[in-house]
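Colleague: I would like a close look at one part of this model, the aromatic rings and how they pair. Please walk me through it, then add what else is worth pointing out.

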Amino acid sequence: MNLVRSTLLAAAGLAAFLLFWEAMPRLGLVDPAFLPPPSTIPAAFLREVALGVWPLAVASSLSHYVVGLGVGAGAGIGLGLVSGMSRPFEAVTAWVVRLLRPIPGLAWVPFAIIWFGVQPSAAVFIIAIGVFWIVFFATQGAVRGVDRDLIEVAQAFGFRSPLARLTKILLPAATPGILVGLRTALGQAWMAVVAAEIFGVPGVGQRMMQASSLLSTDIVVVYMLTMAALYGLFDSAFVALQGRLLRWRP
Amino acid sequence: MSEPVIEFRDLGLAYGQGEARTVILAGLDLTVARGEVLVIVGESGVGKSTLLRVLIGLARPSSGTVRVAARPGCRTPMALVFQDARLLPWRRVVDNVAFGLEGGGLSKAERRAEARKGLALVGLADLAGRWPHQLSGGQRQRVAIARALAVEPDVLLMDEPFSALDSFTREGLQDELQRITAQTGKTVVFVTHDIDEAVTLADRVVVLAGKPGRVAAEVRIDLPRPRKRRDDALQAIARQLRAELSRRSAEL
Ligand SMILES: Nc1ncnc2c1ncn2[C@@H]1O[C@H](COP(=O)(O)OP(=O)(O)OP(=O)(O)O)[C@@H](O)[C@H]1O
Ligand SMILES: [Mg+2]
């Protein structure tokens, strides 16, 4: 399928979706308070911008997102590499991992408030936890999956220390797998943003909560779309970066 | 004969444990003299690659001793050309060749310059900027040869390095290898299934045979170099070796 054709199909799909959405409340099939038609969204958006709420919420959420993603991904890659390289480390942490892994981000909210207060750092903590596990397991698996033959090449050329093995072979060979994890985390982190802000740290999540308690569904939709747009932006940039980092692949 | 560079004494090697234990090599004695080109032939699975892996430290013998005494002051004691090319797919060809030089205090530009020289030796200078997946199988194998040559090892271990090449390229590289050994006095341990290649390159051919494998026969080749492939004396030795090999496999 060529580019023009696939772009046209994507646009047609989106247009059909919006039309369907617009028709539902307009034809009286659902109450507009339950589902605001898309044509009302631009006005709601402009109101939010005029109030100055939108830029503040977005800036605040973005900073939670970026820092949380950075902290979570950094820790996930770091510990994932160690765990992938060291069987003893993996053995020691095996049950701690099983204990902590299934705890959902929301369950950490009380602890985040106690430890950090109603502060941006609490939101960062919640986001980082969600990101951490995804990146940790992706990295660990990718390191485990590295071709033994390539590690032997490094050994044969005298690179025998764990650090040399890491930088010469494991890290570059594991990069595709780590990037898959990071890309998943990119989406997961936006979901975590909402969870992280429901307890009062300013941002998109908090604003959505306020609007939904006032039944201003059009404003909720404004922020849903805002997050979708930001995610789309980050994901496209990431895919471009990924393509560049992995240009060695066929 | 000058001092040995490599000395195997009563070498034994087994893979696996308990029920699954298989003895691959046993009671193997072998020395390689400085500057000698030793060619190892033998049936598939007899343990030729394993022997090279022991030398470079990728496999540990289960008994006996291995001694390697590279020339002091050489850039690298030993390098191995694996039986499969094993290029690092995330590095361009030139950086694959430069790989082994990275511990040695050269700048990146110097390493690349050395790597380009290595690539020129195997006739691939114009592919320096490619990714490994853009090469043919034979080209990959030649890059792997360049990678080993680039570190200027005193002892060069080569595991069927030319088997993926067409006969014209192969003979060119055989000549190149002879030129390099004559010029640098490198010690070479070379594994091949190609008897003509063995007799062309070798100062001595060793036949590994048996289960477990050991040195079953040895032929010294004192013909002057550079050797002509169609030389009668060379062909006579090749015939003798072929007879030896077929007798060995008939025995098993
Ligand atoms: N990791 C391993 N575990 C168990 N057995 C192994 C292992 N590696 C090799 N072997 C066995 O050791 C024997 C010797 O293998 P090796 O690769 O040295 O053979 P070779 O003489 O190089 O054969 P070829 O000419 O086919 O390359 C083979 O029978 C092989 O099955
Ligand atoms: Mg082999």
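Modeller: Here is the ring cluster, followed by a few other contacts.

This is a predicted model, in which local features need pLDDT of at least 70, side-chain atom pairs count only at pLDDT 80 or more, and totals for chains, interfaces and linings use all residues. Residues are numbered from 1 along each chain as written, chains are lettered from A and ligands numbered from 1 in written order, and side-chain values use heavy atoms, without hydrogens and water.

Rings of Phe, Tyr and Trp (its six-membered ring) pair if their centres lie within 6.5 Å; planes under 30 degrees apart are stacked, over 60 edge-to-face, the rest tilted. Over all chains, this rule gives 20 aromatic pairs. Take A:Phe111 and A:Trp115: their ring centres are 5.4 Å apart and their planes stand at 45°, so the pair is tilted. Both sit in helix α5 (residues 109-116) of chain A, four residues apart, or about one helical turn. Helices here are DSSP runs (H or I, at least four residues), and strands are E runs of at least two, numbered from the N terminus. A:Phe111 is partly exposed, at 40% relative accessibility. The scale is simple: buried is under 20% relative accessible area, exposed over 50%, partly exposed in between (1.4 Å probe, protein chains only).

Next comes A:Trp115 with A:Phe125. Their centres are 5.7 Å apart and their planes at 75°, so this pair is edge-to-face. A:Trp115 lies in helix α5 and A:Phe125 in helix α6 (residues 120-144) of chain A, so the pair ties together parts ten residues apart in sequence. A:Phe125 is buried, at 18% relative accessibility. Ring pairs link A:Trp108, A:Phe111, A:Trp115, A:Phe116 and A:Phe125 into a cluster.

Some rings carry a charge over the face. That requires NZ of Lys or CZ of Arg within 6 Å of the ring centre and within 35 degrees of the ring normal. A:Arg98 lies over A:Trp95, 4.5 Å from the ring centre. A:Lys168 lies over A:Phe159, at 4.9 Å.

Now to A:Glu152, in helix α7 (residues 148-156) of chain A. A:Glu152 is buried, with 12% relative accessible area. Contact means heavy atoms within 4.5 Å. Leaving out residues up to four places away in sequence, A:Glu152 touches B:Arg53, B:Leu58, B:Phe82 and B:Arg86. Its side chain also makes a polar contact with the side chain of B:Arg53, at 2.7 Å. Such a contact is a pair of N or O atoms within 3.5 Å; within protein, one must be able to donate a hydrogen and the other to accept it, and residues adjacent in sequence count only if both atoms are side-chain atoms.
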